[in-house]
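Here is an informal walk through one structure, for someone meeting it for the first time. Take a look at the sequence and the picture, then read on.

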Amino acid sequence: MEEQKESSGADTAAEVYSAPPSQISQEEIAGLRIPFGKRLLRAVALLILCVAIPFAVGLLFGHRDAAIACVYGTIIVIGSASFNGLRATRYAAPAAIVAIVLGAITKPVADHPGDTPLNGWLWVAVVVFFAMLSGFATRRGAGVAMSMATLFAVVAPAFRDYSELAEVLIFLAIGSVYGWLIASRIGAPTASPAPPTSPRSARLIAIFLGIAVGLGCSVVVVSNLPHATWIATAVVVLGIPTPGFTEKAILWRMVGQLLACGIVAVVTWIITSAGFANPLPYFGIAVGLSLLCYLMSLGSNVAVQIAFLSTTLMLPVAAKESSEIGGVVIDRIAYNLIGLGILALALVAVRIWAREIATSTLPPAT
């Protein structure tokens with residue numbers, strides 16, 4: 001009977017994960033088999049279609065925020081459709097747009113907690129809601145698509161000018177429609193390629209993500225430090241419930257975050273050491289190259305993908321604070337380590353709880 005208890009608890013704990021790790025390795029192998037030239041052409045095409053065109057449309061008919069919103073809408077739909085199919089995107093993309101809006105109007109701003117609804121705690125509730133929603137979405141194989149809503153609720157810039165909110169929403173919608181057309185053209189699957197989880201597994205994943213994201217966002221609100229939202233970003237990125245999601249996958253993502261810090265530090269040192277009168281254009285080139293490398297890395301090792309994606313997101317901050325890049329990089333590393341620790345604590349808590357539930361439901365020994 002003791003052996004039965006132990007195996008039952010372990011099996012229940014393993015339900016936090018959504019598929020065998022071998023699935024990821026096969027995708028990585030398939031991605032690496034694509035010739036370099038073909039990957040480069042595909043990345044350039046995606047960069048033009050998914051970023052340059054929607055950004056240009058936003059600038060032509062609106063302003064910078066409208067252009068960014070148009071790009072967001074495009075990326076939301078294409079990313080969602082690529083990971084979890086067009087069918088799941090029909091409800092995941094609208095959820096992501098709602099998450100952007102709610103995250104932007106509730107997100108705390110360092111040193112200005114009074115300007116935020118409920119001093120930032122409403123933002124915590126918003127992000128936790130979408131995190132748990134992404135956990136439940138694994139039941140339909142849409143965990144990654146819904147995780148984008150959580151991520152956008154965290155990274156959306158704080159938005160206090162409500163007079164421009166309608167315009168931003170319009171360009172989000174334009175970008176989403178455009179993204180749907182592109183996703184359909186490039187052959188995004190209709191049904192989700194990710195295997196659905198059981199109802200019990202989905203509940204465990206939702207609880208795990210809710211605890212982790214709640215702790216991460218609470219640290220952001222309580223600490224009130226510059227760039228503290230990177231803690232919540234780290235928790236969300238490291239904990240996205242992809243197929244094959246295990247501790248090993250979390251660690252590989254962490255390796256990618258650390259690589260990004262190293263890349264940003266080196267690039268910033270090169271640009272600032274060159275003594276350019278205006279270094280911003282060179283940072284812009286670096287962002288474009290980093291994004292291109294990310295698009296080329298799709299299908300390869302997850303650490304490589306995370307490294308280039310995080311580099312793309314960090315470089316604009318580095319451009320603004322290039323004179324203090326050492327502090328920026330150290331903060332990023334520290335916040336990622338905090339996020340990793342929060343994920344570990346949440347995972348241990350859910351596993352203990354799941355083991356106790358499994359043990360308590362076993363029939364009594366005879």
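Let's start with Gln257 and the residues around it in this predicted model. Setting aside its neighbours within four places in sequence, Gln257 is in contact with Ala234, Val237, Leu238, Ile306, Ser310, Arg332 and Asn336. Is Gln257 buried or exposed? Its relative accessible area is 1%, so Gln257 is buried.

Gln257 has its place in helix H10, which covers residues 247-273. That helix has 27 residues, and from its first C-alpha to its last it reaches 39 Å, close to the 39 Å expected at 1.5 Å a residue. Gln257 has company among the buried residues of H10: the list also includes Ala249, Ile250, Arg253, Met254 and Gly256. Further along the helix, Ala260, Cys261, Val264, Thr268 and Ile271 are buried too. After H10 comes Gly275, with a positive phi near 75 degrees.

Three of the contacts of Gln257, namely Ala234, Val237 and Leu238, are also found among the buried residues of H9. How many of the residues of helix H9 are buried? The count is 10 of the 10 residues in this helix (residues 229-238), so H9 is largely enclosed by the rest of the structure. Its buried residues include Thr229, Trp230, Ile231, Ala232 and Thr233.

Trp230 leads to another link in this part of the model. Arg332 lies over the face of Trp230, at 4.8 Å from the ring centre. Arg332 is also one of the residues in contact with Gln257.

Now for the whole chain. The protein chain has 13 helices and zero strands, so to speak an α pattern repeated along the sequence. Of its 366 residues, 46% count as buried. Take the contacts between residues at least 6 apart in sequence: 79% of them join residues at least 24 apart. The chain exposes about 17100 Å², and carbon and sulfur atoms supply 70% of that area.

What about aromatic rings? The count comes to three aromatic pairs. Two of them are set out here.

| Ring pair | Distance between centres | Angle between planes | Kind |
|---|---|---|---|
| Phe129 and Phe130 | 5.1 Å | 80 degrees | edge-to-face |
| Phe276 and Tyr282 | 3.8 Å | 15 degrees | stacked |

Phe130 counts as buried, at 4% relative accessibility. In the stacked pair, Phe276 is partly exposed, with a relative accessible area of 34%. Its partner Tyr282 is partly exposed as well, with a relative accessible area of 35%.

Next, the cysteines. A disulfide is a covalent bond between the sulfur atoms of two cysteines. How many disulfides does the structure hold? The answer is zero. As for individual cysteines, Cys50 is buried, with a relative accessible area of 10%, while Cys293 counts as partly exposed at 31% relative accessibility.

One last stop is Leu59, in helix H3 (residues 36-61). Leu59 is partly exposed, with a relative accessible area of 44%. Not counting residues up to four places away in sequence, Leu59 touches Arg64 and Ala67. From Leu59 to Cys70 the separation is 11 residues in sequence and 9.4 Å in space, C-alpha to C-alpha.

Key
Residues are numbered from 1 along each chain as its sequence is written. This is a predicted model: local features need pLDDT of at least 70, side-chain atom pairs count only at pLDDT 80 or more; totals for chains, interfaces and linings use all residues. Side-chain values use heavy atoms; hydrogens and water are left out. Helices (H or I, at least four residues) and strands (E, at least two) are DSSP runs, numbered from the N terminus. Buried means under 20% relative accessible area, exposed over 50%, partly exposed in between (1.4 Å probe, protein chains only). Contact means heavy atoms within 4.5 Å. The expected span of a helix is 1.5 Å times one less than its number of residues. Accessible areas come from the Shrake-Rupley method with a 1.4 Å probe; for residues, only the protein chains shown count as cover. A disulfide is a pair of cysteine sulfur atoms within 2.5 Å. Rings of Phe, Tyr and Trp (its six-membered ring) pair if their centres lie within 6.5 Å; planes under 30 degrees apart count as stacked, over 60 as edge-to-face and the rest as tilted. A charge sits over a ring if NZ of Lys or CZ of Arg is within 6 Å of the ring centre and within 35 degrees of the ring normal.
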